[in-house]
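I set out to read this model from its overall make-up down to single ring pairs, and I keep my notes here in the order in which I looked things up.

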Amino acid sequence: MLFGSLINKKSGVVMSVLIVGYGYVGYYLSLALLDQGENVTAWSRSAPSLLSEHGAMRHYKVNCMDENVKLPEKIKTVFYCAPPSTNSEHDVVMKMFLKK
């Protein structure tokens with residue numbers, strides 16, 4: 001089981017997971033979490049391209065630099081898989097995401 005179960009032991013409720021960055025790492029992470037029965041939402045800079053066999057997963061094109069973007073309700077765990085910018089020494093996208 002990946003990272004242990006995200007199921008709340010007391011209530012039996014499946015925790016909702018947000019994956020920010022749905023490239024190679026985010027895709028395979030989502031497959032493992034979906035196989036465990038987790039509720040998965042993915043954010044990426046581009047339109048979904050790797051979702052054909054997993055229609056139950058929610059995927060959104062999101063600009064994390066947009067100050068109006070808020071975290072979805074009921075998200076209990078976030079996996080930040082977005083790569084840093086190659087244009088700067090600082091990851092400004094992650095900095096903006098952490099403000100949310």
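What percentage of the 100 residues in the protein do buried residues make up? I found that 35% of the residues are buried, and I note at the outset that the model is a predicted one. For the surface I looked up the exposed area, which comes to about 6700 Å², with carbon and sulfur atoms supplying 55% of it. I also checked the contacts with a separation of 6 or more, and 52% of these in the protein join residues 24 or more positions apart.

**Entry: elements and sheet**

I listed the secondary structure next and found two helices and four strands, which follow one another from the N terminus as β-α-β-β-β-α. In what order do the four strands lie in the sheet? I read the order as E3-E2-E1-E4, in an open sheet with parallel pairing. Strands E3 and E4 (75-80) are at the edges and have a single partner strand each, so one side of each lacks a neighbour in the sheet. From one strand to the next, I noted a twist that averages 20°.

**Entry: strand E2 and its partners**

I then turned to strand E2, residues 39-44, which is mostly covered, since I count it from the record of burial that five of its six residues are buried. Strand E1, residues 16-20, pairs with E2 in the parallel sense over five bridges. Within this pairing I located Ile 19 opposite Ala 42 of E2, and I found Asn 39 of E2 as the bridge partner of Ser 16. With strand E3, residues 58-61, E2 also pairs in the parallel sense, here over four bridges, and in this pairing Trp 43 stands opposite Tyr 60 of E3.

**Entry: helix H1**

Strand E2 being mostly covered, I followed the chain that leads into it: from E1 the path goes through helix H1, residues 24-35, to E2, and I recorded this β-α-β crossover as right-handed. Which strands does H1 touch where it packs on the sheet? I found that H1 touches E1, E2 and E4, and that its direction makes about 170° with that of E1.

**Entry: aromatic rings**

I finished with the aromatic side chains, keeping in mind that a pair of aromatic rings is described by the distance of the centres and the angle of the planes. I obtained a count of three aromatic pairs. In the pair of Tyr 22 and Tyr 27, the ring centres are 6.1 Å apart and the planes stand at 75°, so I entered the pair as edge-to-face. Both of these residues, Tyr 22 and Tyr 27, are buried. For Tyr 27 and Tyr 28 I noted centres 4.8 Å apart and planes at 80°, so this pair is likewise edge-to-face. Is Tyr 28 buried or partly exposed? I read a relative accessible area of 45% for Tyr 28, which makes this residue partly exposed, whereas Tyr 27 has a relative accessible area of 10% and is buried. Taken together, ring pairs link Tyr 22, Tyr 24, Tyr 27 and Tyr 28 into a cluster.

How values were computed:
Residues numbered from 1 in each chain as written. Predicted model: local features only at pLDDT ≥ 70, side-chain atom pairs only at ≥ 80, totals over all residues. Heavy atoms only, no water. Buried < 20%, exposed > 50% of the residue type's maximum accessible area, 1.4 Å probe, protein only. Contact = heavy atoms within 4.5 Å. Areas by Shrake-Rupley, 256 points an atom, 1.4 Å probe, with all protein chains shown as cover. Pairing = 2+ DSSP bridges. Right-handed = clockwise from strand over helix to strand, strands pointing away. Axes fitted to C-alpha atoms, helices over the stretch in contact; angles between N-to-C directions. Phe/Tyr/Trp six-rings, centres within 6.5 Å; stacked < 30°, edge-to-face > 60°.
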